[in-house]
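Q: Could you take a close look at how the helices pack on the sheet in this model, and follow that packing down to the side chains? Please work from the arrangement of the elements towards the residues involved, and keep the account cautious.

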Amino acid sequence: MEVNFEQAALTFGTILRDLKAESVVVLDLRQAHIWTDFFVIATISSGKQAGGLEGKIMEAAKELQIEEYRTIRKSPDGDEWKLLDFGSIVVHLMSPTARKFYDLERLWYDSPNLLA
């Protein structure tokens with residue numbers, strides 16, 4: 001089965017929005033010609049919420065037959081930023097502080113938000 005990554009990114013964004021993550025965006029980065037096609041970014045209120053959302057995203061990825069790329073970090077991100085790398089889609093679950101500091105939307109300002 002061929003994976004439709006745009007639809008999968010929108011599915012992830014919808015799941016996050018429906019489960020009360022805040023300020024969810026799905027950025028289409030295909031025109032940026034970088035290492036991924038879509039960023040799904042959401043603000044989370046706690047590490048516990050991030051863990052629950054991660055579980056739901058992983059369930060959806062399994063149903064969509066999308067495999068996660070395991071990443072190894074030198075230092076743990078803690079509750080500030082959880083990153084899920086699916087190759088063509090990268091999901092960012094960020095605390096309000098991390099989201100404001102890294103400001104990924106500003107960095108990719110010319111990429112359309114497909115969830116708008």
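A: In this predicted model, helix H2 lies across strands E3 and E4, and its axis makes an angle of about 160° with that of E4. Helix H1, by contrast, lies across E1, E2 and E4, where it runs at about 0° to E2. E4 is thus crossed by H1 and by H2.

The sheet on which these helices lie is open and has four strands, in the order E1-E2-E4-E3, with mixed pairing. E1 and E3 are the edge strands, and because each has a single partner strand, one side of each is left without a neighbour in the sheet. Neighbouring strands are turned against each other by 10° on average, if direction is ignored. Within the sheet, E2 and E4 run parallel and are joined by six bridges; as one example of the pairing, Phe 39 has Val 90 in E4 as its bridge partner.

The side chains that accompany this arrangement can be followed through the largest nonpolar core, which has 25 residues, and in which Phe 12, Leu 16, Val 40, Ile 57, Phe 86, Ile 89 and Val 91 have the most contacts. At least two residues of this core come from each of H1, E1, E2, H2 and strand E4, the last of which spans 89-94. The greatest contribution is that of H1, which gives six residues. Leu 16, one of the residues with the most contacts inside the core, is in contact with Ala 21, Val 24, Val 40, Ala 42, Leu 53, Ile 57, Val 91 and Leu 93, once its neighbours within four places in sequence are left aside. Apart from this core lies another, of eleven residues, and among them are Leu 29, Phe 39, Ile 41 and Val 90. Phe 39 and Val 90, listed in that other core, are also bridge partners in the sheet. As a general point, nonpolar side chains tend to be buried together in soluble globular proteins.

Leu 16 itself belongs to helix H1, which covers residues 5-18, and it counts as buried because its relative accessibility is 0%, below the 20% cut-off. Ala 42, one of its contacts, lies in strand E2 and likewise counts as buried, since its relative accessibility is 0%. Not counting residues up to four places away in sequence, Ala 42 touches Leu 16, Ala 21, Glu 22, Ser 23, Val 24, His 92, Leu 93, Met 94 and Arg 99. The C-alpha atoms of Ala 42 and Val 91 are 8.1 Å apart, although 49 residues separate the two along the chain.

Charged side chains connect some of the elements already named, and the count of salt bridges in the model comes to five. One of them is formed by Lys 82 and Glu 54, with a distance of 3.4 Å from N to O. This pair links distant parts of the chain, for Lys 82 is in strand E3 (residues 81-85) and Glu 54 is in helix H2 (residues 47-63), 28 residues apart. Lys 82 counts as partly exposed because its relative accessibility is 32%, whereas Glu 54, at 18%, counts as buried.

On H1, Glu 6 forms a salt bridge with Arg 30, and the closest N and O atoms of the pair are 3.1 Å apart. Here too distant parts of the chain are linked, since Glu 6 is in helix H1 and Arg 30 is in the loop between strand E1 (22-28) and strand E2 (38-43), 24 residues apart. Glu 6 is partly exposed, with a relative accessibility of 29%, and Arg 30 is also partly exposed, with a relative accessible area of 34%. A further salt bridge joins Arg 106 and Asp 103, with 3.2 Å between the closest N and O atoms; in this pair Arg 106 counts as exposed at 60% relative accessibility, while Asp 103 counts as partly exposed at 26%. Through shared partners, salt bridges also join Glu 6, Asp 28 and Arg 30 into one network.

Asp 28, a member of that network, is also touched by Ser 111, whose contacts beyond four places in sequence are Leu 27, Asp 28 and Leu 29. Ser 111 lies in the segment after helix H4 (104-107), and it counts as buried because its relative accessibility is 10%.

Technical notes:
Residues numbered from 1 in each chain as written. Predicted model: local features only at pLDDT ≥ 70, side-chain atom pairs only at ≥ 80, totals over all residues. Heavy atoms only, no water. Buried < 20%, exposed > 50% of the residue type's maximum accessible area, 1.4 Å probe, protein only. Contact = heavy atoms within 4.5 Å. Salt bridge = Lys/Arg side-chain N within 4 Å of Asp/Glu carboxyl O. Core = buried A, V, L, I, M, F, W, Y, C linked by side-chain atoms within 4.5 Å. Pairing = 2+ DSSP bridges. Axes fitted to C-alpha atoms, helices over the stretch in contact; angles between N-to-C directions.
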